Amino acid sequence: MKTTPYYAVIFTSVRTDGDHGYSKMAEAMDELAKTQPGYLGIESAREDIGITVSYWKSLEAIAHWKSNSEHMLAQSKGISDWYKNYKVRICKVEREYSWEK
């Protein structure tokens, strides 16, 4: 369990047809994000719509990640090659609970 409050960046997207290097870049971005100050984790699922939620300690950590030069290259490729559309939402998580069998 993460210590609250923390922040969630919710990235929803619809992909274009074909990979066009997407899988390789997604893997590289996952690894790079793990090295960023304030990174707490990630969860992702894809069917017709992709949903990726990354977790961060602060808004400053999110801003630092958004402005990372390698991440900026991936963002640019996303617009030109990989996504039909996407949306980013940033939320403050005040409370967390879970259940596991």
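**Briefing: a four-stranded open sheet and its helices**

In this predicted model, four strands form an open sheet in the order S2-S3-S1-S4, with antiparallel pairing; two strands count as paired if DSSP finds at least two bridges between them. Strands (E, at least two residues) and helices (H or I, at least four) are DSSP runs, numbered from the N terminus. Local features need pLDDT of at least 70, side-chain atom pairs count only at pLDDT 80 or more, and totals for chains, interfaces and linings use all residues. Residues are numbered from 1 along each chain as its sequence is written, and side-chain values use heavy atoms, leaving out hydrogens and water.

**Sheet**
- Strand S2 (39-46) and strand S4 (83-93) are the edge strands, each pairing on one side only.
- Strand S1 (residues 6-15) and strand S3 (residues 50-56) run antiparallel and are joined by seven bridges.
- Ser 13 has Gly 50 in S3 as its bridge partner.

**Helix H1**
- Helix H1 (residues 22-34) has 13 residues, which at 1.5 Å a residue should span 18 Å (1.5 Å times one less than the number of residues); its end C-alpha atoms are 18 Å apart, in agreement.
- Tyr 22, Met 25, Met 29, Leu 32 and Ala 33 are the buried residues of H1 (under 20% relative accessible area; exposed is over 50%, partly exposed in between, with a 1.4 Å probe and protein chains only).
- These residues lie on the same side of H1 because they cover an arc of only 95° around the axis, taken from the directions from the helix axis to the C-beta atoms.
- Exposed Lys 24 and Glu 27 are carried on the face of H1 turned away from its buried side.
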